Amino acid sequence: MNWISEWALPKIQTWLGRKEVPDNLWHKCPACEQMIFHRDLERSLHVCTHCGHHMRIPAMKRAEYTLDPGFQRIELPKSPADPLRFRDQRKYADRLKEAQARSAMDDAVVVAHGAIEGRRAVIAAFEFGFMGGSMSPGVGEAIVTAAKLAVLQDAPLIVFTASGGARMQEGALSLMQMPRTVIAAQMVKEAGLPFIVVLCDPTTGGVTASFAMLGDIQIAEPGAMIGFAGARVIEQTVREKLPEGFQRAEYLLEHGILDMVVKRGAMRETLARLISLLREPLLEPAALSAGPDAPAGPEATPAAAPGAAAGTAPAAAAGSVPGAAAPGAAPGAAPGAAPGTAAGAAKPSASAAPPKPASAA
Ligand SMILES: [Zn+2]
């Protein structure tokens, strides 16, 4: 049969001038159920063009969307497969093999290093499609490896989480990854490097209960489900109706769990800005003393904020870092204004606190 499919069929297709057509040209948005053409979906970074729903994406796509071209994915250390010889309806070893074949990954995390808008970074991204992004010893190993790599390269570590929690098929060994990943995060912090967590839909269980809540800066994608136990379990336990939007990114932002909610389209530049704010040296005071009366540029007007703030949160970390405007400040931005203001003015698309008048300084 092989010669038919491998030799004869392509020949016939060439004679007929027919090209391979991908199976799924149209995708259905799980939120609004509208159809989206695959090219439009790719262009919008898998965000629904009708309702703005952020779809779940593979780990490699995260790396592509975040890092500059030419990034490198690193080989992860192997960990023993199926140490408990676990079996439910099927053997865990079989489930694992199937997930590996489908995703072309050894376990549920991709680690890559490269640059974000020219600034060095190491990223680790969870693959929810790989057994629900569950945390196995292999995943723990990946996070530890990413942390070590960040320290070695003197680069910030950014983790994109999407996980159902610990992998029950590896029992206590999976639970042990909670302290392990916490230590990995601590390692990055002790080296004086930023540890940034981007919580993607969904982040729950043991991942939420360990390193995922320890970021120096906690970001989430719009609408992401973030929690420990599921809403239904909580509702049954407390016997109360949970508020609207419970465990969603926006709700958590309002209640102080997150620093910002950032749209996928703005994630790259937000991360680049954060890295520059946290890592690049501040300007000398002389460079900032152009005088408090300098007119504020158009970017500094509050009108610049709403459009930009739609996908991002007002509680921006940018506003809390003094001298934030230093590297990329637009000349129009009032240098005498509060640092938070200047940060917002430098890049209007950034989320920032509403600018204060220049005279406030
Ligand atoms: Zn939609």
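This is a short walk through one chain, from its overall make-up to its central strands and then to a group of four cysteines.

Before I start, please keep in mind that this is a predicted model, in which local features need pLDDT of at least 70 and side-chain atom pairs count only at pLDDT 80 or more, while totals for chains, interfaces and linings use all residues. Residues are numbered from 1 along each chain as its sequence is written.

Let me begin with the whole chain. Its secondary structure comes to 14 helices and nine strands, where helices (H or I, at least four residues) and strands (E, at least two) are DSSP runs numbered from the N terminus. The chain has 361 residues, and 41% of them count as buried; a residue is called buried if 20 or more other C-beta atoms lie within 10 Å of its own, exposed if 12 or fewer, and partly exposed in between, with the C-beta atoms placed from the backbone. Two residues are in contact if their C-beta atoms, again placed from the backbone, lie within 7 Å, and of the contacts with a separation of 6 or more, 68% are between residues 24 or more positions apart.

Now to the interior. The largest nonpolar core (a set of buried Ala, Val, Leu, Ile, Met, Phe, Trp, Tyr and Cys residues joined through C-beta atoms within 7 Å) has 66 residues, and the members that touch the most others are Val109, Ile123, Ile143 and Leu157. Helix α5, residues 137-153, gives the most to this core, with seven residues. If we leave out residues up to four places away in sequence, Ile143 touches Val109, Ala124, Thr181, Ala184 and Phe211.

Which strands should we look at next? I would take β4, residues 109-116, and β5, residues 119-126, which run antiparallel and are joined by eight bridges; strands are said to pair if DSSP finds at least two bridges between them. The two form a hairpin with two residues between them, and Glu117 in the turn has a positive phi of about 45°. Along this pairing, Val111 stands opposite Ala124 in β5, and Ala115 stands opposite Arg120. Six of the eight residues of β4 are buried, so this strand is largely enclosed by the rest of the structure, and in β5, too, six of the eight residues are buried.

Each of these strands has a further partner. Strand β3, residues 72-73, runs antiparallel to β4 through two bridges, with Gln72 opposite His113. Strand β6, residues 157-163, runs parallel to β5 and is joined to it by four bridges, and here the bridge partner of Ile123 is Ile158. Together β5, α5 and β6 make a right-handed β-α-β unit, meaning that, with the strands pointing away from the viewer, the path from the first strand over the helix to the second runs clockwise.

Finally, the cysteines. An unreviewed UniProt entry carries the annotation "binding site" for Cys29, Cys32, Cys48 and Cys51; such annotations may be inferred rather than shown by experiment. These four span 23 residues in sequence, yet no two of their C-alpha atoms are more than 8.6 Å apart, so they gather at one spot.

Is Cys32 buried or exposed? Cys32, in the loop between β1 and β2, counts as exposed because it has 12 C-beta neighbours inside 10 Å. Cys48, in the loop between α2 and α3, has 21 such neighbours and therefore counts as buried. Leaving aside neighbours within four places in sequence, Cys48 is in contact with residues including Cys29, Cys32 and His53.
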